[in-house]
Amino acid sequence: MTSGIEITYTELKFTEFPSKETGIAKYCKSFRLKLNEIKLIGISPRLVLDNECIFILVIDKSEKIHLICDHVMGTKGLESFEKYFGLESIQEEWSKLEYDDHYGKIDKVIYPKEKYWNDLFDKDWKLKIRTLYSWIKPKSFYGNLNKKTLGNNV
């Protein structure tokens, strides 16, 4: 079984990279989602030790967050993913960010286009708390999803 992203006519499939390859801090579990269940796609830059990395966040209609680590960068699967959803290159999106943006304070929507670069999470106390420990636990996505971005009525 090959690690990475696969897009079929109906499904997004992410097959995990071994933790020996990614390290525990960036390890993301495999998942499968029907394409019509995907509500938002976001990016979240983080630091792992002192190295910049990025997570791709896929949010389904039940508002569950599915993580994809940056080991997919430069793969055919990521190219297919970007093409299917009409995304700009995630690598290029990542290059817009500064080193200081990797402290868990920025999570931006990249799909759908009408919500492009909106905040994925509310800028509230939970996000402030997360920025304090994100360097210890980079896969933490503690916070409230932004209801305006989700399109839910508050």
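**Exercise 1.** In this predicted model, determine whether Phe31 is buried or exposed.

*Solution.* The relative accessibility of Phe31 is 11%. Buried means under 20% relative accessible area, so Phe31 counts as buried.

**Exercise 2.** Classify the aromatic pair that Phe14 and Phe31 form, and state which strands hold the two residues.

*Solution.* Step 1: the structure holds 6 aromatic pairs. Step 2: one of them joins Phe14 and Phe31, at 5.8 Å centre to centre and with 35° between the planes. Step 3: planes under 30 degrees apart count as stacked and those over 60 as edge-to-face; the pair of Phe14 and Phe31 is therefore tilted. Step 4: Phe14 belongs to strand E2 (residues 11–15) and Phe31 to strand E3 (residues 31–34), so the pair ties together parts 17 residues apart in sequence. Step 5: Phe14 is buried, its relative accessible area being 1%.

**Exercise 3.** Explain why the pair of Phe85 and Tyr111 is edge-to-face, and describe the setting of both residues.

*Solution.* Step 1: the ring centres of Phe85 and Tyr111 are 4.9 Å apart and their planes stand at 70°, so the pair is edge-to-face. Step 2: Phe85 lies in helix H2 (residues 76–85), while Tyr111 lies in strand E7 (residues 108–111); the pair therefore ties together parts that are 26 residues apart in sequence. Step 3: Phe85 is buried at 7% relative accessible area, whereas Tyr111, at 23%, is partly exposed. Step 4: ring pairs link Phe85 and Tyr111 with Phe81 and Tyr84 into a cluster.

**Exercise 4.** Identify the ring over which the charged end of Lys96 sits.

*Solution.* The ring is that of Trp117, and the charged end of Lys96 is 5.1 Å from its centre.

Terms used. Residues numbered from 1 in each chain as written. Predicted model: local features only at pLDDT ≥ 70, side-chain atom pairs only at ≥ 80, totals over all residues. Heavy atoms only, no water. Phe/Tyr/Trp six-rings, centres within 6.5 Å; stacked < 30°, edge-to-face > 60°. Helix = DSSP H or I, 4+ residues; strand = E, 2+ residues; numbered from the N terminus. Buried < 20%, exposed > 50% of the residue type's maximum accessible area, 1.4 Å probe, protein only. Lys NZ or Arg CZ within 6 Å of the ring centre and 35° of its normal.
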